[in-house]
Amino acid sequence: MENRTQNISEQLFMLLNLGREISTTTNLDMILKILGDTARDILKADRCSIFIYDEEHNELWTRMAHGVDEIRVSADVGVVGKAALSKEVQIVIDAYKDFRFHQAVDLQTGYVTKNILAVPLLNYENKTIGVFQALNKKEGTFDNIDAELLILIGNYASVSLENALLYERLQRSQIKLINKLSEAAEFKDSETSAHTKRVGLYTQLIAKELGKDAYYCNLIKLTSPMHDIGKIGISDEILLKPGKLSEEEFNVMKNHSEIGYKILYEKDDEILRMAAQIALEHHEKYDGSGYPKGLSKEEISLAGRITAVADVFDALTSQRPYKKAWSFEEAISFIKQSAGSHFDPAVVDAFLKNIEEFLQIKQKYQD
Ligand SMILES: [Fe+2]
Ligand SMILES: [Fe+2]
């Protein structure tokens, strides 16, 4: 009895501690690791794993697991599958004598499962979003009290997972929306959607070569395709004119930078802030002879300087109704010659170091 009381106070302490740790962590994988470790310690289990339910493929995969790499199983078999589909707690006393147990994972990993506790993770609509599993209790087997404890810890996992999944979904649709916006400008222009896609990938490559972190590289890949969005504000008469533009017409055309900035700029949104800056600055030149403001050198944002090289390179090597495509050699030598005048020499260097990759992108995403 004394032992049991001691146990309970220990468990309570661990649970309180868990709440504290979780509330100060925002990263989903960190949260799941804390939950997995705590469940293992409280239940005195050998290992734990947290499966996510992939509804589309009717599979469960481990986003967190002790001792193994990612495991993916069909939701139609095994104890975790049973927990996921029935939404009921599963307690297995002797795995190899239990009809619910599926040996495939043991065979694959070499692990010997003896007993199992699996609880479903449900969202606010009572739909299964995953399964929390504990394996091999060190002394004895899992009981109802263990199940209650794992359900309690599982609640934290459900909330964290649901939030993260929602956020990821939101982010995916935001990215789709951004790409659609980039394509919108092309409807009015002779540019193609392959052009904007390539510019995104080129800018990402250059940023990486310049030592920028993965976050920045992703951000510029996402935002540089929107550089010409302001063209939706230019009349078709000018935009689609087959011949050369008069000086007056060209001056109107130049407005697309500032129009793009006005469309995109949003003070509190990092993605749209960078997109707006690129739209505004992609025709600025390193020596100050560009437009709309005649900024020079570091007055132009790095994203603007990178996009300038990527955009010009792609435009030169693409065919347009009014011009033939230049060869790669011609385009490369033009970019080289323009280092220090049109382009930032450091960006040109980074471009030259990745020519091979540029050619691959060009081949992969053709007009
Ligand atoms: Fe432009
Ligand atoms: Fe462009």
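1. A definition to start: two strands pair if DSSP finds at least two bridges between them. Helices (H or I, at least four residues) and strands (E, at least two) are DSSP runs, numbered from the N terminus. With that in hand, strand 1 and strand 6 pair in the antiparallel sense over seven bridges. One of the partnerships to look for is cysteine 48 with alanine 134 of strand 6.

2. A word on what you are looking at. This is a predicted model, in which local features need pLDDT of at least 70 and side-chain atom pairs count only at pLDDT 80 or more, while totals for chains, interfaces and linings use all residues. Residues are numbered from 1 along each chain as its sequence is written, and chains are lettered from A and ligands numbered from 1 in the order in which they are written.

3. Now the whole chain: it holds 15 helices and six strands. Its radius of gyration, taken over C-alpha atoms, is 29 Å, well over the 21 Å that the globule rule (2.2 Å times the number of residues to the power 0.38) gives for 367 residues, so the chain is more spread out than a compact globule. The C-alpha trace spans about 95 × 35 × 35 Å along its principal axes.

4. Next, the sheet. Its six strands form an open sheet in the order 3-2-1-6-5-4, with antiparallel pairing. Strand 3 (72-74) and strand 4 (90-92) stand at the edges with a single partner strand each, so one side of each has no neighbour in the sheet. On average, neighbouring strands are turned by 25° against each other, direction ignored; the axes here are lines fitted to C-alpha atoms, for helices over the stretch in contact, and angles run from 0 to 180 degrees between N-to-C directions.

5. Do look at helix 2 (residues 28-43), which packs on the sheet and touches strand 1 (45-54), strand 2 and strand 6 (128-137). The direction of helix 2 makes about 140° with that of strand 1. Contact means that the C-beta atoms of two residues, placed from the backbone, lie within 7 Å.

6. Is strand 1 mostly covered or mostly uncovered? Mostly covered: seven of its ten residues are buried (20 or more other C-beta atoms, placed from the backbone, within 10 Å of a residue's own).

7. Finally, strand 1 also has strand 2 as an antiparallel partner, joined by six bridges. Tyrosine 53 has leucine 60 of strand 2 as its bridge partner. The two strands form a hairpin with four residues between them, and asparagine 58 in the turn has a positive phi of about 50°.

Conventions. A residue is buried if 20 or more other C-beta atoms lie within 10 Å of its own, exposed if 12 or fewer, and partly exposed in between; C-beta atoms are placed from the backbone.
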